[in-house]
Amino acid sequence: MNVEYGDLIEVGPHIFLCGDVMEGDILALLAYVNIDEKIDMIYSDPPWSSANCRYWRTIAKKTCESIETWPVSFDIFLSHITHPISCIAKRINVMWIEASMKEYNKVVEAFNSYDTIREYLPFSGEWTICYGSPKRPNKLLRFSQTNTIKDDPTYLSGEAPTDWAFKQDDSQLSETVFDFCIGQGMTARKAYKYNKTVYGLELNPKRLKKTIEFFENKGFKARKIS
Ligand SMILES: C[S@@+](CC[C@H](N)C(=O)[O-])C[C@H]1O[C@@H](n2cnc3c(N)ncnc32)[C@H](O)[C@@H]1O
C-alpha cells in the first residue's frame, strides 16, 4: 500500500497514523475510536534531542512553517508526548522509552512533571545498552508501578532491547501496545511476535510503509480509513 502523510490505516486489528507528534497527532490517534481505552503498554524510540528531531524531519521532507523556521525544541517535542500520555497513564501497565545518554534526564523530568504519571507510571528503571556503535550506548527507561524485572538488559550487546522489554512480566500481561514514533516497525514486529495489537504514529510515510508491509506480508489486509 502506498502511504501518504495524513493517512490513517487499519491493518487487521492494528491502526497507524502517518502524522506528526509536533502537530498534536498523538491525541488525534488516541481520539480515534477511543483507542486510548485499550492501550495498556507503550514502547517507543523517539528522537533523542533537538538535532535528532530536526534530522528526522529533514529525512521525512516534512515542512511546517511554524516549526521549520525555528530550531526544533526538544522540550516542546517532549511536551507533545508527555501531555497525551499523562491523560491515559492510569490504564497503562508499563512504558518503555529509549533515550540518549545525554538527554535521558530531560525525558524522565518531562514525564515526571505530571501528577498522573508520577502516580500511575512512576519512573522505575534505567539501563545503559549498546546496540548500535559500541562507542554510542543509549538508555532504556522504564515507567511502571511494579518492580518485576527478570534480569538485566545490559548484556544485550548489539541487540535492540525491544524483545527483552516485551518479555518482562508487565509487558506480557499487556494486550495493546502504542508506539508514537513507530518508524519501520520494530515495536510492531514484537507486538506481532507476542500476539498483541499495536497502534502507531509515524512522521515519515516511507518508514510507515515498511511497518504496513510487514503486516501485509503476514496476510493482513491494509485499508485506509481516511
Ligand atoms: C529512532 S527512529 C525509531 C525507530 C523505530 N523503532 C523503528 O523500528 O524504525 C525515530 C522515528 O521517529 C520518527 N519521528 C521523528 N519525529 C517525529 C514526529 N515529530 N512525529 C512522528 N514521528 C516522528 C522518525 O521518522 C523515525 O522513524
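Let's start at Pro-13, which sits in the loop between β1 (8–11) and β2 (14–18). This is a predicted model, and in it Pro-13 has 13 C-beta neighbours inside 10 Å, so Pro-13 counts as partly exposed. For a sense of scale, pair Pro-13 with Ser-133: the two are 120 residues apart along the chain, and their C-alpha atoms are separated by 35 Å.

Now zoom out to the whole fold. The protein chain has 10 helices and nine strands. Its C-alpha atoms fill a box of roughly 40 × 40 × 35 Å, taken along the principal axes. A compact globule of 226 residues would have a radius of gyration near 17 Å, and the protein chain comes in at 16 Å, so the value agrees with that picture. Of the 226 residues, 41% count as buried. Sequence-distant pairing is plentiful too: take the contacts between residues at least 6 apart in sequence, and 68% of them join residues at least 24 apart.

What about the inside? The largest nonpolar core has 55 residues, and those with the most contacts inside it are Val-21, Ile-42, Ile-92, Met-95, Trp-96 and Leu-201. Helix α4 (residues 74–88) gives the most to this core, contributing six residues. Leu-201 is a handy one to click on. Setting aside neighbours within four places in sequence, Leu-201 is in contact with Leu-17, Gly-19, Val-21, Asp-25, Ile-26 and Leu-29, and also with Phe-180, Cys-181 and Ile-182.

Cys-181 turns up again around the ligand. There, 19 residues form the surroundings, and the closest are Trp-56, Cys-181, Gly-183, Met-186 and Leu-203. The elements that give two or more residues to this shell are α2 (50–59) and β8 (197–202). Sorted by class, the shell has 11 nonpolar, four polar and four charged residues.

Next, look at Gly-185, in the loop between β7 and α9. Gly-185 has 24 C-beta neighbours inside 10 Å, and therefore counts as buried. Leaving out residues up to four places away in sequence, Gly-185 touches Lys-210, Thr-211 and Phe-214. The C-alpha atoms of Gly-185 and Glu-213 are separated by 9.6 Å, although their positions lie 28 residues apart along the chain as a sequence separation.

Follow the chain into α9 (186–193). In this helix, Thr-187, Ala-188, Lys-190 and Ala-191 are buried. Seen down the axis of α9, these buried residues fall within an arc of 165°, so they line one face of the helix. What covers them includes β3 (41–44), α7 (162–167), β7 (176–179), β8 and α10 (205–217).

Just after α9 comes a backbone detail to check in your Ramachandran plot: Asn-195 takes a positive phi of about 60°. Most residues other than glycine have a negative phi. Asn-195 is not a glycine, yet its phi is positive. This residue is found in the loop between α9 and β8. Is Asn-195 buried or exposed? With 7 C-beta neighbours inside 10 Å, Asn-195 counts as exposed. Set that beside Gly-185, in the loop between β7 and α9, where the count of 24 makes for a buried residue.

Technical notes
Residues numbered from 1 in each chain as written. Predicted model: local features only at pLDDT ≥ 70, side-chain atom pairs only at ≥ 80, totals over all residues. Near = placed C-beta within 6 Å. Helix = DSSP H or I, 4+ residues; strand = E, 2+ residues; numbered from the N terminus. Nonpolar A, V, L, I, M, F, W, Y, C, P; charged D, E, K, R; others polar. Buried ≥ 20, exposed ≤ 12 C-beta atoms within 10 Å, placed from the backbone. Core = buried A, V, L, I, M, F, W, Y, C linked by C-beta atoms within 7 Å. Contact = placed C-beta atoms within 7 Å. Arc of directions from axis to C-beta. Rg over C-alpha atoms; globule rule 2.2 N^0.38 Å.
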